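Here are three short exercises to work through with the structure open. Try each task before you read its solution.

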Amino acid sequence: MTIVLSEKEKKWMDSVIKEEQITRYLENGRDFIDDEEIWEKLRKNQNPDKQRIREIIQKSLKIETLEPDETAALLNVKDPELWQEIFDAAAKIKKKVYDNRIVTFAPLYCSNLCVNNCVYCGFRRENTVIKRRRLTLEEVRREAEVLAGEIGHKRLIVVYGEHPTTDAKYIADTIRTIYEVKVKTKNGYGQIRRVNVNAAPMSIEELEMLRDVGIGTYQVFQETYHHETYKKLHPEGTIKSHYQWRLYCHHRALEAGVDDVALGVLFGLYDWRFEVMGLLYHARNLEKFFGIGPHTISFPRLEPAANTLFIQESKYKVSDEDFKKLIAVIRLSVPYTGMILTAREPAHLRNEILSMGIVTQTDASTKIGIGAYSDRYTEQKAERQQFLLGDTRSLDELIRELAKMGYITSFCTAGYRCGRTGKHIMTLLKTGREAVFCKLNAVLTFREWLDDFASEETKIAGKQVIQKELEEIKERVPAEVFSKLMEYYRRIQNGERDLYF
């Protein structure tokens, strides 16, 4: 069924793309993704010898971004024993840069109105089975109150469709509203301290507006880096059909003064090896222009969505084994970046991947229907969601699982408020120094959450992890730092909140 756009929607769409904010980054009129070059590198680096792969691994362990030929070589490894070496190295890199913490967050979908018509998306304009809705600011507030006051989240990724009613002003208003929420809890208070945004590409001027209201990370997925596939999946006449407007949105964000940007691919739209190469090229181009790369990289896979046959028909679906390989190669290729594993994946696979020690962030108590947290519905409703989730475990359940694996859950957002962002954070990550700050703040924020939100079973498991962390910290930091940590820790036990290094 064809849905006709209103004149207001058409006029708005015509005003969105600013060509002059693309051309300044092009080289000889071309963008930085050369499809033929990528395939040539993948062909040229077939059958790499073990010594070369081990040399590449050593480079990654020094927290150096790989060259395209090096990543192509990793993607061509066939030897299972060599893959195990790659997995082991990926875990070592994560430990070196981020220690053994896992950061948790929740998505908050504010609207499913969209002018685009992407063939793989449940929210595409012509999907008439979806119940359309945009949250009012009061509804946004109620969602945030549940997330911060009942579940205990401290950071969100807030998600919007591309539509004139969810423009930059609406996004800015929702960010302000979320930051205003403060809810009394068992022993302290709940509050969202970091609002990251997943939204459509914007102009520099719009991104400056979001910068001024305190946006965290600006996340946009290219979906696929393959030009021809991108064109097929994003119909002509939609904003999203403009490949380069999307490709350079992170450049515009950094130019606008947004310190942290996030990349991602929707795996299953095209060959996964090509997409990993695309992510590397993207990270390297950001480094070239701005001296910093992506704050995080996400790697979601296609999941079922209401009335969306393309997902079942895709010939590029990624197997679980290849999924684990691509995660490890991304970790080695862009070793400083945070890596996000989402609740799209089933619980058993998330547990397996988390236990590999490669990823840094994951979500829990996840609901992706519009208004789903305050509506309190417990079953997934396809007509309200962009796709179906694979893992609906609560935050309490996930934290307990992580504690049993020996991981500490971190709710820390201190670095962003202390200026450890942009180039500063990149330097700290590449030298391993950020891991020390993170370890201290992980202990403090985890204790906050345990006291305010944890079940008794999870609290017992969590306290055991904290004790182990404190013992490690005492050995690693100067005595005066440890003394300050323990002072903060006791104050948190007594009900104070938001103490950090």
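**Exercise 1.** Sort the lining of the largest pocket by residue class.

*Solution.* The lining holds six nonpolar, seven polar and four charged residues. Here Ala, Val, Leu, Ile, Met, Phe, Trp, Tyr, Cys and Pro are nonpolar, Asp, Glu, Lys and Arg are charged, and the others, including Gly, are polar. A pocket is an open set of points on a 1 Å grid over the protein atoms alone where a 1.4 Å probe fits, with protein on both sides within 12 Å along at least five of seven lines; lining residues have an atom within 4 Å of a point.

Before going on: this is a predicted model, where local features need pLDDT of at least 70 and side-chain atom pairs pLDDT 80 or more, while totals for chains, interfaces and linings use all residues. Numbering starts from 1 along each chain as its sequence is written, and side-chain values use heavy atoms, without hydrogens or water.

**Exercise 2.** Find where Thr445 lies and which residues Thr445 touches.

*Solution.* Start with helix H21 (residues 434–453; a DSSP run of H or I, at least four residues, numbered from the N terminus), which contains Thr445. Next, list the contacts (heavy atoms within 4.5 Å): leaving out residues up to four places away in sequence, Thr445 touches Arg193, Ser410, Phe411 and Cys412. Finally, a polar atom of the Thr445 side chain lies 3.1 Å from the backbone nitrogen of Phe411.

**Exercise 3.** Why does Thr445 count as buried?

*Solution.* Thr445 counts as buried because its relative accessibility is 6%, and buried means under 20% relative accessible area (1.4 Å probe, protein chains only).

Technical notes. Helix = DSSP H or I, 4+ residues; strand = E, 2+ residues; numbered from the N terminus. Buried < 20%, exposed > 50% of the residue type's maximum accessible area, 1.4 Å probe, protein only. Polar contact = N/O pair within 3.5 Å; in protein donor to acceptor, adjacent residues only side chain to side chain.
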